[in-house]
Amino acid sequence: MERRQMLHIPGPTNIPDRILRSLSQPLINHRGPEFEALLSTCVVGLKKVFSTENDILIFPSSGSGALESAIVNLFSPGDTILAACLGVFSDRMAEIGEKHGLNVIRLTMDWGKAVKVEEIEAILNKDQEGKIKAVCLPQNETTTGIGIDIEGVSKMMRRVGHEAILVVDAISSLACVPLETDAWGVDVVISASQKGLMLPPGIGLASVSERAWKRVEQSTMPRWYWDYKAVKKSMTTSQFPYTPATTLLFGLKEALGMLTEEGMEKVWERHQVIGKGVRNAVEAMGLTLFAEKEYASDTVTAILMPENIKYKELAELLRTRYDIVIGGGLQKLQGQIFRIGHMGAIHFMDMYAVMGALEMALVQLGYEVELGTAAAALAKTFIKK
């Protein structure tokens with residue numbers, strides 16, 4: 001019998017059948033009228049998902065490429081930025097900045113801990129000369145399953161009156177958790193296609209505010225492929241300065257339609273309830289969450305490996321017996337934690353399958369837990385809604 005694997009790593013995510021079908025369309029002329037209509041529809045939909053009237057720029061790239069686009073368009077060599085570093089992916093923004101000659105102030109946290117608003121405020125208050133040009137944060141760090149209070153940081157920055165812009169990595173949070181770009185005053189939001197947007201990898205996204213465009217005008221960093229001004233100019237006529245990822249734009253149109261049908265507030269609520277349910281099930285089984293619970297992510301949950309159970313054995317059993325694919329720990333967390341992704345096209349009954357399979361696999365590997373514990377914890381969480 002044909003078996004379908006359920007992908008529950010922290011991204012890429014499962015692709016709904018509607019989107020898979022849309023990706024199979026024949027290519028069209030990316031300089032023709034059909035493409036112009038397609039791109040216009042996608043931009044309108046993306047503005048709803050980003051909750052913004054700012055410019056939306058689209059790149060044929062990974063999320064990492066979109067992060068680099070922010071560095072080379074917003075800053076000049078020698079500029080200073082503040083970057084929160086609490087895992088592999090938040091470190092990436094700092095690393096890209098250093099590669100391009102920026103002075104990076106790293107606000108480094110122990111992995112599993114969240115950066116707090118007051119910690120950023122303390123650094124900005126010490127910057128009496130206004131050298132810090134930007135605060136760079138992830139909304140969600142998938143390495144550790146941590147979320148950051150972007151709204152709180154943005155309100156604080158306006159209150160203290162610092163001139164730094166706010167640059168947010170929303171690659172693993174867009175279309176999953178609340179992100180009010182304009183209402184919160186976020187200057188640049190970076191994201192990508194393969195997580196909450198339920199697409200394959202290959203599209204990088206940036207929303208750019210008027211304040212951020214002023215920084216683009218001042219930047220002396222060399223760029224060509226990533227040039228915001230060139231992309232904006234082309235997109236005003238529904239074109240690109242180079243070949244776009246046309247097939248992925250077919251999928252993006254379908255994904256945006258699905259999100260609109262559900263409604264963004266309901267999308268956010270679904271992820272919040274599922275995230276809470278997974279955490280409740282983990283604790284009910286006697287397992288330990290890796291992230292600070294108050295700041296736990298609603299898109300990925302990181303869990304400490306139980307004693308005497310190896311990650312490779314757990315992951316292999318889940319994959320071969322139950323067709324569930326989970327993620328492991330990265331770098332210094334390798335073998336110490338496992339991660340369950342629950343973003344994008346995820347619904348309540350999916351998590352019964354995932355957490356039930358996890359429970360059965362753990363029992364097979366010698367972990368002591370009463371079968372049905374995970375399901376009961378999920379039911380108690382989901383029924384309340």
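This report describes strands, cysteines, a buried serine, a pocket and cavities in a predicted model.

## Strand β3 and its partner

Strand β3 spans residues 80-85. Six of its six residues are buried, so β3 is largely enclosed by the rest of the structure. Thr80, Leu82 and Ala84 point one way from the strand, while Ile81, Ala83 and Cys85 point the other way, and all are buried.

The pairing partner is strand β4, residues 103-108, which runs parallel to β3 and is joined to it by six bridges. Within this pairing, cysteine 85 of β3 has threonine 108 in β4 as its bridge partner.

## Strand β9 between β8 and β10

Strand β9 covers residues 188-192, and five of the five are buried, so this strand too is largely enclosed by the rest of the structure. Its two faces are both covered: one carries Val188, Ile190 and Ala192, the other Val189 and Ser191, and all of these residues are buried.

β9 pairs with strand β8 (residues 165-169) in the parallel sense, over three bridges. In that pairing, aspartate 169 stands opposite isoleucine 190 of β9. β9 also pairs with strand β10 (residues 203-208); here the strands run antiparallel and five bridges join them. Serine 191 has leucine 205 in β10 as its bridge partner.

## Strand β11 and its partner

Strand β11 comprises residues 300-304. The strand is mostly covered, with four of its five residues buried. β11 pairs with strand β13 (residues 337-341) in the antiparallel sense, over five bridges. Leucine 304 stands opposite isoleucine 337 in β13.

## Cysteines 42 and 176

Zero disulfides are found in a search of the whole structure. For cysteine 42, the nearest cysteine sulfur is that of cysteine 176, at 18 Å, and cysteine 42 is in no disulfide. The relation holds in the other direction: the nearest cysteine sulfur to cysteine 176 is that of cysteine 42, 18 Å away, and cysteine 176 is likewise in no disulfide. A disulfide here requires two cysteine sulfur atoms within 2.5 Å.

Cysteine 42 has a relative accessibility of 0% and therefore counts as buried. Cysteine 176 is also buried, with a relative accessible area of 0%.

## Serine 173

Serine 173 is placed in the loop between β8 and α7 (181-184). Despite this loop position, serine 173 is buried, with a relative accessible area of 1%. The side chain of serine 173 makes a polar contact with the side chain of glutamine 139, at 2.6 Å.

## The largest pocket

The largest pocket holds about 380 Å³ of space. Its lining consists of 19 residues, and those nearest the centre are Gly147, Ile148, Val177, Ala296 and Asp298.

Helices α6 (150-160) and α11 (264-284) each supply at least two residues of the pocket lining. By class, the lining divides into seven nonpolar, six polar and six charged residues.

## Cavities

Four cavities of 30 Å³ or more are found in the whole structure. The largest has a volume of about 60 Å³. It is lined by Leu67, Ala83, Ala84, Ser90, Met93, Cys136, Leu137, Pro138, Val167, Val168 and Asp169. The elements giving two or more residues to this lining are β3, α4 (88-99), β5 (132-138) and β8. Nine of the lining residues are nonpolar, one is polar and one is charged. Ala83 and Ala84 in this lining also appear among the buried residues of β3, where they point opposite ways. Asp169, another lining residue, is the one that stands opposite isoleucine 190 in β9.

The second largest cavity has a volume of about 50 Å³. Its lining is formed by Gly145, Arg279, Leu289, Phe290, Ala291, Ala296, Ser297, Val300, Thr301 and Ala302. Strand β11 gives the most to this lining, with three residues. By class, the residues are six nonpolar, three polar and one charged. Ala296 lines this cavity and is also one of the residues nearest the centre of the largest pocket.

Technical notes. Residues numbered from 1 in each chain as written. Predicted model: local features only at pLDDT ≥ 70, side-chain atom pairs only at ≥ 80, totals over all residues. Heavy atoms only, no water. Buried < 20%, exposed > 50% of the residue type's maximum accessible area, 1.4 Å probe, protein only. Pairing = 2+ DSSP bridges. 1 Å grid on protein atoms, 1.4 Å probe; cavity = no way out; pocket = protein on both sides within 12 Å on 5 of 7 lines; lining within 4 Å. Points joined across faces, edges and corners; volume = space filled by probe spheres on them. Nonpolar A, V, L, I, M, F, W, Y, C, P; charged D, E, K, R; others polar. Polar contact = N/O pair within 3.5 Å; in protein donor to acceptor, adjacent residues only side chain to side chain.
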